[in-house]
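This report concerns the packing of helices and the residues buried among them. Please consult the sequence and the structure shown here.

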Amino acid sequence: MKWITHQTAAVGAALALHLPPVGVAAACLGAVVPDMLDQRVARLAPTPSGRQRMFNRIHRGTTHWFGWWLALFLAALALPLAPPAKALLSGLAFGGLSHVLLDMLTPQGVPWHPFSRKGRFSFKLCTTGSIGEYCFLALLLAAIWFFLRYDALALLRRVADGRVF
Ligand SMILES: [Zn+2]
């Protein structure tokens with residue numbers, strides 16, 4: 001999935017769950033963190049072609065295992081953190097979890113096991129960057145407009161009032 005689709009879905013889900021503004025922003029960032037981590041690791045290779053090979057080898061590996069993100073999300077909820085840290089961490093983990101769920105819709109799928117590339121899970125609904133993905137994105141935007149526009153307005157009002165946590 002494209003980052004715009006990941007971020008739209010994460011923001012929509014965070015709005016639906018009434019996360020605080022910082023949580024929604026963190027979810028928007030968390031929605032692309034699994035791919036950012038893969039890119040960051042691939043950059044350790046010395047040459048551009050090596051980087052591409054490294055990326056192809058590791059992409060959608062352990063960073064795309066749902067268990068890490070679920071554990072981080074539950075830990076953020078359970079730990080006695082200050083409200084800003086709780087909003088930030090839970091939002092970030094929620095975004096990461098939504099990323100993995102969305103990548104499940106594509107043929108490449110996500111791993112069942114955190115350290116093995118064998119046995120992947122996929123609904124094979126649409127390929128990244130395909131017309132199918134853009135239809136999915138359009139549906140997401142329509143659903144956000146239809147169901148969540150007042151939640152989005154309430155969120156903006158909270159930001160304007162300075163109640164961001
Ligand atoms: Zn991904």
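The sections below treat the basis of the model, its nonpolar core, one covered helix and one helix pair.

## Basis

The model is predicted: local features need pLDDT of at least 70, side-chain atom pairs count only at pLDDT 80 or more, and totals for chains, interfaces and linings use all residues. Residues are numbered from 1 along each chain as its sequence is written.

## Nonpolar core

The largest nonpolar core (buried Ala, Val, Leu, Ile, Met, Phe, Trp, Tyr and Cys residues joined through C-beta atoms within 7 Å) has 28 residues, of which A10, A14, V24, A27 and A93 touch the most other members. Two or more residues come from each of helix 1 (3-16), helix 2 (21-30), helix 5 (66-78) and helix 6 (83-103); helix 6 gives the largest share, nine residues. Helices are DSSP runs (H or I, at least four residues), numbered from the N terminus.

## Helix 2

Seven of the 10 residues of helix 2 are buried, namely P21, G23, V24, A25, A26, A27 and G30. A residue is buried if 20 or more other C-beta atoms lie within 10 Å of its own, with C-beta atoms placed from the backbone. Their cover includes helix 1, helix 3 (33-42), helix 6 and helix 7 (131-160).

Beyond neighbours within four places in sequence, V24 is in contact (C-beta atoms, placed from the backbone, within 7 Å) with V11, A14, L15, L19, G91 and L155.

## Helices 1 and 7

The axes of helix 1 and helix 7 lie 9 Å apart, at an angle of about 35°. Axes are lines fitted to C-alpha atoms over the stretch in contact, and angles run from 0 to 180 degrees between N-to-C directions. Residues making this contact include I4 and L15 of helix 1 and F136 and L155 of helix 7.

How values were computed. Buried ≥ 20, exposed ≤ 12 C-beta atoms within 10 Å, placed from the backbone. Contact = placed C-beta atoms within 7 Å.
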